[in-house]
Each structure stands twice: as structure tokens, then as C-alpha cells.
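These are my notebook entries on a structure that I looked through today. I began with the aromatic rings, went on to the surface, and ended with the backbone.

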Amino acid sequence: MKLAQLLALPATLISAVLAIPEYSEHLHLRPLPNGYLYAGFNFTASTSLSAYESQHFRYFPRSLGQILKHSGTRELHLRFALGRWDDESWGSRPRDGKREGGTGVEIWAWLDSGGGKPAVEERWSSLVNSLSGLFCASLNFIDGTKTTRPVLSFEPEGMHRGGGGGMELLHGTLPHEVVCTENLTPFLKLLPCKGKAGISSLLDGHKVFDANWQTMSIDVRPVCHVGEECRLEIQQTVDIVLDIERSMRPRNDPIPRPRPVEELECDESKSYHASDTCYPRRKEGEMAWSLSKIFGTPVRGSCHVADGDESHDISLEVSRDRAVEVLQGGSNETLVSHGQSQHVRAIRLSDTAKHTDISLPQQIIQEAPHQEQPPLYASRQITGFGQERGGMHTVLHNPHTYPQRIVYLESLPWFLRPYMHTLKVLSHPTTSHNQPATPVKPDKMFYTPALDRERGTHLELLLTIPAQSTVELTYDFDKAILRYTEYPPDANRGFDVAPAIIRVLPPNSNSTAGNEKTQDSYLRTTSLLLPLPTPDFSMPYNVIILTSTVIALGFGSIFNLLVRRFVLAEEVPRSAVAVRVAWVVGKVRGVVGGLKGRMRVGGEGGGGGGTVVGFGGAADVRGGMNGGSGGAEGRKER
């Protein structure tokens, strides 16, 4: 029996090894026009649902798993974003915008709907408060005024039991939240290597938050494959766009200073070029850069913690003529194209090398980099003037030759009161400016009006944007007057309005015209600043000080007249303490006077002896002797 158990032990170990949760990480690098570099970090970990139910974790972060279990969260999506993605220069958004968030903090989750609306709101409050402490963010300020329930904008990414029944979607935003290193540190602590090894060692707060555009995302969803047990998967992504020249600036000299004259590259072909005038010459070709210069350090080691993971850790998307060198473990090698793609170079980190660096020299490339055109261009502005009314103006431009179906979502604060009867959606063809604008009728519309200090406005539209046309969406609104306690310390800066979320639905197979895009994509507009009627907070202070002074003077004078008793000085009885003090002072004066009198008498006796000394002859001697004895007698008497 014991032999059979020993023989079965290797099989048990093998099955246990094969059943461990998987973990993988990947870094994608892609140079962008005008000297920018896109870096996309992706970390994926998973655990079986049975292990999750029993709260047994290995690569899945325990701290986050316990929060999801306690709050009844089926699927979670959390975003930290900063900056703006330049569609016109950089092309389409990475990952189709699905891992991108609006400015600040954005969160949406599917929660268990059991117990009705009060129970769901309690779970939502528990979720945002717990995540607030975990990520050092102000998620606890997401209350009913900042929470909406979208209908068409989001769909579950995971495979849920019962087809997603028994769940409710809630969405919240904090556009005023400032993303900083305090949010990146707990983000890295969720990883198995904690940012100490692997590609996560490149994530330094000084570099990440110096980027022109940056977004961090955490997505938790259930994943099921045929013939396998369902798993709970977490994807952590960090997407940043860095200015290559600014990122390679040394840390000991971070402040830009004028370069010496001999280091300037001037365009001498200009007519106004002179010894004291320099027009910068445009740099030709691709800039030289390396991972160690941009991120301040090379990749330290590797993070191959899961068995069976043979995927590449780093992929570089450059032209096939671009020279790429890899320095790994002291050996220098040239990185060639990988697989069928001629523009992607892949590398797997060595488990024995302590450092890995990728270097690209300056090179002139004849082939222009390919930039995929975004599905849609969007911009939003606040119009109008004054402190009472305003308007919203959104421009959506479709550059493609086929129509686009989109879902437009706006979550407005309660103090911005839109008038839906002024909503207008007009379409202008971009090919012909002479044609008049035609109204566009929304296919569907979901609108939830705001309640003061209880609920914000929820506006959701399903629109069809014609091919090669521009759609303008406008409406008017009023600005509410807040209580003086509801204004922030920087009230004159304005109030942040969350970005609009646009979901571009995949086009139909009949109208794609060769378009191969079959999945939906997302894009978000920039956040807005809404100026509200702001009182002069110095006036209450002045009024309080003036009234307090007048009341103090007037009340004090009247109170003294009413309460104080006016009598003659002779009628005021002397207190016992005053009598005792006067007696003590009199005794002291008597003692001092007696001492002075005795001193005066002794002084007179000594003077008589001196008078006798004034005569001459023998009598003078006797008189002096008598005077001396008299003085001695006087001193003895004293």
C-alpha cells in the first residue's frame, strides 16, 4: 500500500504543477511620429474559480480577491488616466481603447443584484471604499451623485454563469483625481515580482508620470475555455507615451537649460541665419534611444514564475530596416524580425542575465511608419458665457467610407442641468461644404434627470454617423448655485466634468467595404472645466469682523451701564485683605524709620569727637584722644 502511494506521488505532483495558475507579462514598444515612444505593459494572472471561492491564491493578488469576494463583485474594471491621446498624430488608440480611462479615476463593475437596490448600493459603497484604501485614491468620494447605470455603453467581457443574469452594472467617475506615485506603488505590489524583476522593473514613477499620456487599468473577469475549469483572470496594463528627448534627460540635470552655441544645430540655408541668429535644423530620420536611457535603468532579470510560459516578454514594432541591438547578460546581438510580421521584433528575457537592454541608433529610414487611422475623431467643448447658462458642443467626425454606429454616454454632475428639448444632432458632409446640415435622429435614447445633491444626469444615445461626415451634438444647460460649504478650496478654478465615453460598434458585414474590424472600440473626450457662480468668500469674513466689532462695542457699553454700580469712593468699604496689607506696610515703615533714627544718632556722636580735634596744643591731643574714645563708645552703644 505504501509502495502504491509512493508511485502515485509523482503523478500527483505533475498534476499539481499543471494546475497552478498561470502568469505572464509582456511589453510592447512602438515609436510614434515627432519623437514619441509608446510603451504598453501587460501583466496577466489567473486562478481557478474553486480556488477563488475557497480564498486560496498563488499569483492572483489576495488583497484584491478578498475585496471582490466581500463586495459580491462579478467583474471589475478600474482606470487611472492622465493626459491626452493625440489621434491625429499617433493614430488609433492602443488595445482599441478598451484599457483606457477618462482623465482622473473611472470605475465600473457588475455586482450581485440580490437584495434589491439598497443592497446593491451597499455593495457598491463597500467596493469603492475598499479600493480607495488599497490604491490610495479618493474612490470613497464616489457616491450617488457620481454614480450612473449605463445601459448600452458597456458589456461584460467575461463568461458569467446563467448568461450574466442576476448582475447590475454601476459606473462612477472622479475627473478631479490627480494620478500620482501613490497609485502606482500599490499597483506594482499586486504583481508577483513587485516591480523588482522583469519588465515591471522599468516602471519608475518619475518616468511614468512624466509621460504625455498615461493610463493604468485593472480588469478582473471570469474566463472559461472548452474542456477546462473556469478561471478568474486579472489583467493589469500600463500604457504610456513618452517624449524620447525629454525622457533621456539625465536626472542630475532635469531642468532644461539653453545649450551652448557650439552644440546648436542651425539651418544655415535660411536667409536670416547669422552668428547671433540660429534657426533649429529639423532632425532627419529616427532618433537614437535605449531602454536604459529612457526609463533610467535596463530590465532587471526576468519574472518567469509560471511553468510552461514560453511566450516573448518584449516586442518592438519598428520598420524592417531599423537596426536593433540587444545587450543581455554581457552579450550583444542584433534583433531580427519575428515570425511572419516584418515589423515586429520579439525577445524573451534570459533567466540567468541580470540586465537586459535594447538600443536603437539614429538612422534615416526611407519607409514611413504605418499609422492606423482611428475609427472616429471626437472633441467636446462648453459654449456660452456668463454665470447662469451655457451649452455643450460635441463634434464627432467619421473619416471612413462606411457609416459608424456609436453609443454616446455622458455622466453630468447634478449642478449642471441640461435641457433635453434643446438637444440637436446635425450632420455635415465633409466632402461638400455647400450642402445644408441634416438632422440625425437617435436610434435609442436613455435619459435619467438629475436630483439636487442626490443623483447626476445620465444621457446615453445610440447614433449612426454617416460616412465621411461630421456630426455635431449640442444642448443648453443651466448652472446651479451651490451652498457656500459645497465649494472646494479652489472654487474659482472651476468644477470638473467627466469625459464623454464613445463606444464604436463593429460595422455590419454588408457595409464594411473590406474593413476587417469586427470588435468594438472605445474613445473618450477630454474632461471639461465648468465655471459656476462663485461668491466672494472675503465678504463674509469682512461682514463677520465688522458686525462682531460693532456688537462688542455696543453690547459691552450697554452691559456696563446696566450691571455696573456707581458709588462714591468714601462709601466703598475696605476689604480685610486691604486692611491687612496696610497694617503690614505700616509695620514695615515703622521698623525702617527706627533704623534710620538710630543710624542718625550714631553719626552725630562721632562728629563731636572730631570737633575737639580742631584745637591746638596738648589739649588738642587730649581732645583727639577723647574724641576717639567717644567714637569708640558710640560704636559700642550701637
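**Entry 1: a pair of rings.** I noted before anything else that I am working with a predicted model. I then looked up whether two phenylalanines are buried or exposed, and found that Phe 80 is buried and that Phe 135 is buried as well. My count of aromatic pairs in the model came to 16. One of them joins Phe 80 and Phe 135, with 5.9 Å from centre to centre and 50° between the planes, and this pair is classed as tilted. I wrote down the class with its reason: the angle of 50° is neither under 30 degrees nor over 60, so the pair falls into the remaining group. Because Phe 80 belongs to strand β3 (residues 73–83) and Phe 135 to helix α5 (residues 116–135), the pair ties together parts that are 55 residues apart in sequence.

**Entry 2: other rings.** Which residues form one aromatic cluster? I listed Trp 414, Phe 415, Tyr 487, Phe 495 and Phe 537 as its members. Elsewhere I looked at Tyr 279, where Lys 270 lies over the face of the ring, at 5.0 Å from the ring centre.

**Entry 3: the annotated segment.** I checked the UniProt record, an unreviewed entry, which lists residues 541–563 as "transmembrane region". In the model the chain over residues 541–563 is 100% helix and 0% strand, and the C-alpha atoms at its two ends are 32 Å apart. I also found a nonpolar patch on the surface, formed by Ile 551, Phe 555, Ile 558, Phe 559, Leu 562 and Val 563, which together have about 680 Å² of accessible area. Val 563 is part of helix α10 (residues 538–563). Why does Val 563 count as exposed? Its relative accessibility is 53%, and the cut-off for exposed is over 50%.

**Entry 4: positive phi angles.** Last, I looked up two residues that have a positive phi although neither of them is a glycine. For Cys 136 the angle is about 55°, and this residue lies in the loop between α5 and β5 (147–148). Cys 136 has 42% relative accessibility and therefore counts as partly exposed. For Gln 468 phi is near 50°, and this residue is in the loop between β22 (457–465) and β23 (469–479). With a relative accessibility of 30%, Gln 468 also counts as partly exposed.

Note on methods:
Residues numbered from 1 in each chain as written. Predicted model: local features only at pLDDT ≥ 70, side-chain atom pairs only at ≥ 80, totals over all residues. Heavy atoms only, no water. Phe/Tyr/Trp six-rings, centres within 6.5 Å; stacked < 30°, edge-to-face > 60°. Helix = DSSP H or I, 4+ residues; strand = E, 2+ residues; numbered from the N terminus. Buried < 20%, exposed > 50% of the residue type's maximum accessible area, 1.4 Å probe, protein only. Lys NZ or Arg CZ within 6 Å of the ring centre and 35° of its normal. UniProt positions renumbered as here; feature names shortened; annotations may be inferred. Patch = residues over 30% accessible without salt bridge, like charges linked within 9 Å, V, L, I, M, F, W, Y side chains within 5 Å. Areas by Shrake-Rupley, 256 points an atom, 1.4 Å probe, with all protein chains shown as cover. Salt bridge = Lys/Arg side-chain N within 4 Å of Asp/Glu carboxyl O.
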